[in-house]
Each structure stands twice: as structure tokens, then as C-alpha cells.
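Reader: I should like to learn how helix packing is read from a model. Please take me through a case.

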Amino acid sequence: MSTEFMDAFSSVEHSDENFDLPPLREGMSKMELLDYMVLSVTRILSVQKAFKGGYMLNKLIKASSRQTSDIDFSISSKEDYEEIKCVLKSIAEKFICYGYISSYRIKETIEERMSGGIDLYNDTGEKVLGVDVGLHDIGWGITSYSFDVTTLDGFEIERMLADKLIAITSRKRFRRTKDLYDFFIITSSFDFSFDKLKEYVALRGGAEWENIPFTDVVIREYEKAWNKLRLIDIDGNNLDPIDFSKAVMRFYVIAVPCKDNKPLHHWDRLTQRLE
């Protein structure tokens, strides 16, 4: 991150909403704008929150993670969402003043199965940035991360993987190719506790285990969707494709023992084995 960008974050200014937002500058990259939103949220909001999703993977893995246009975080209380909406609106209005966006849409309500947040659009109506706010129990599976822009609470690797595993096994299988990619990249980049993964899947209510192993029909259609994936990294470069069969086998190596509650305890990213 540039020194100029960090210097801009060293001071604050007063907004119409009585929030101390960091000052903006012209010519900021997409990642810098995401950083700005994260810093604003962590600095201003006193509510308990935990970050997750593509932004976290961009920060943790960088080169091999896919570029995101959103930040994602969870809260545990619906009452906290009113304050969050005010902060998001203030950020969006400031982005408009600097020409980064032309309009925005705030989701007025939040429910356990319906996220809140904000979508930010350019002058052609294309969504260019966003914030997704989920309503979840964040009393478990949370740890502290220290990044260049700020320190924040976020999902542990095992909780990120639990969410990905549950998504991949869901019936919405053809929307889940990016989750399968993330699952492969995370398990290639980190060791993790298999005991925690099993616990966190259970705490989330379990996966749709009856859907794995996938049927031949599902595999064929899943592979078609996989081959259409065109992913770029945080710098806008094309990511090297991963062989579909390799990604599915990696998923099976971890998901099937989780389904069967095997007495294994640790994933080693170097040997690519559960022990």
C-alpha cells in the first residue's frame, strides 16, 4: 500500500452524518477503495462484527486469490444494522463526491437468511463496489487479523472453509464454482484444524451431505460451469486455471471424512493430507 494512501488515513474529517470518515483522494484503486471502506467501518462502528469473504482472502493470500469488488462482514444483532446503514450511506455519498460512483442502493432490512448492505454503481448502472452484511452468530470461530490498513476481527480459516463446504454441497451447485475455487486455494495455502472444521460445520447446522459424492450428471454440468470461469487476481491479471478434477478431488479428500466424522485432526497443506 502506498505511503500517500496511508498518510491520507492518518487524519479524519467531519461528515454530515457526524461520522469521522478518513479523507479520500483521487485516483484510488479498487483495492484502496475497499480498504477505505473497511477502515471506515472498523474505525466508526462500535458494534461487534467479523469480516469474511473475498476481501479477507485477498489480504491473506494475495496472488492466488480471486479479485473481489465487495467487503463482507457479519453482525449478531439486527438492532446494530440501523447504525451500519448510516455509515454505509455516508461512505457512498463521499464516493459520489469524488466521482468513484454515480449511485447506490442500500438494503433496508437484514434477516438471518437475507443479508443487508449496499451496492455501489457507476454511471452506466454497473455495480462496481459493494458491502454485504450478514446476520450470524459471531460468538465462535473468530480471530484477530493485522493488515497494512487496520487490525480487525474476522472468521478463522476453519470457519471460512466450513462456509465454503456447506455452499458447495448445497443444491445451488452451479452457482458454487467460485466457492470450489476458493476451497482449493485456501487448502493449498493454510494448514488447519480438522476438528475445528467438523465442529464449525455442525454449528452452522450441517451440510447437505446426501449430495456428495456428486452424481455423474452433476459432475458433467458442474465442469461446464467451471470451464466458463474467468478469474483475475487483485492486480487484474488472469489467474491460471485449475484442473476441475483436481479441485473436486481436493474437496472430496476433506469433505468426505468430514461427512463420515473420521477421527482425523489436522490438514497439512504441504503433504495435502489429513492426519
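**Helix packing and the core**

Author: H8 and H9 are oblique to each other, because angles under 35 degrees count as roughly parallel, over 145 as roughly antiparallel, 65 to 115 as roughly perpendicular and the rest as oblique. The model is predicted: local features need pLDDT of at least 70 and side-chain atom pairs pLDDT 80 or more, while totals for chains, interfaces and linings use all residues. Numbering starts from 1 along each chain as its sequence is written, and side-chain values use heavy atoms, without hydrogens and water.

Reader: At what angle do H8 and H9 pack, and how far apart are their axes?

Author: Two packed helices are described by the angle between their axes and the distance between the axes. Here H8 (residues 216-227) and H9 (residues 244-259) pack at about 120°, with axes 10 Å apart. The contact (heavy atoms within 4.5 Å) involves Ile219, Tyr222, Glu223 and Trp226 of H8, and Phe244, Ala247, Val248 and Tyr252 of H9.

Reader: Which residues of H6 and H8 make the contact?

Author: The axes of H6 (residues 177-189) and H8 come within 9 Å and cross at roughly 80°, and the two helices are therefore roughly perpendicular. Thr177, Leu180 and Tyr181 of H6 meet Tyr222, Ala225 and Trp226 of H8.

Reader: Which residues have the most contacts inside the largest nonpolar core?

Author: In soluble globular proteins, nonpolar side chains tend to be buried together. The largest nonpolar core has 88 residues, and those with the most contacts inside it are Met37, Ile84, Phe95, Leu180, Val201 and Phe251. Such a core is a set of buried (under 20% relative accessible area, 1.4 Å probe, protein chains only) Ala, Val, Leu, Ile, Met, Phe, Trp, Tyr and Cys residues joined through side-chain atoms within 4.5 Å.

Key:
Axes fitted to C-alpha atoms, helices over the stretch in contact; angles between N-to-C directions. Helix = DSSP H or I, 4+ residues; strand = E, 2+ residues; numbered from the N terminus. Buried < 20%, exposed > 50% of the residue type's maximum accessible area, 1.4 Å probe, protein only.
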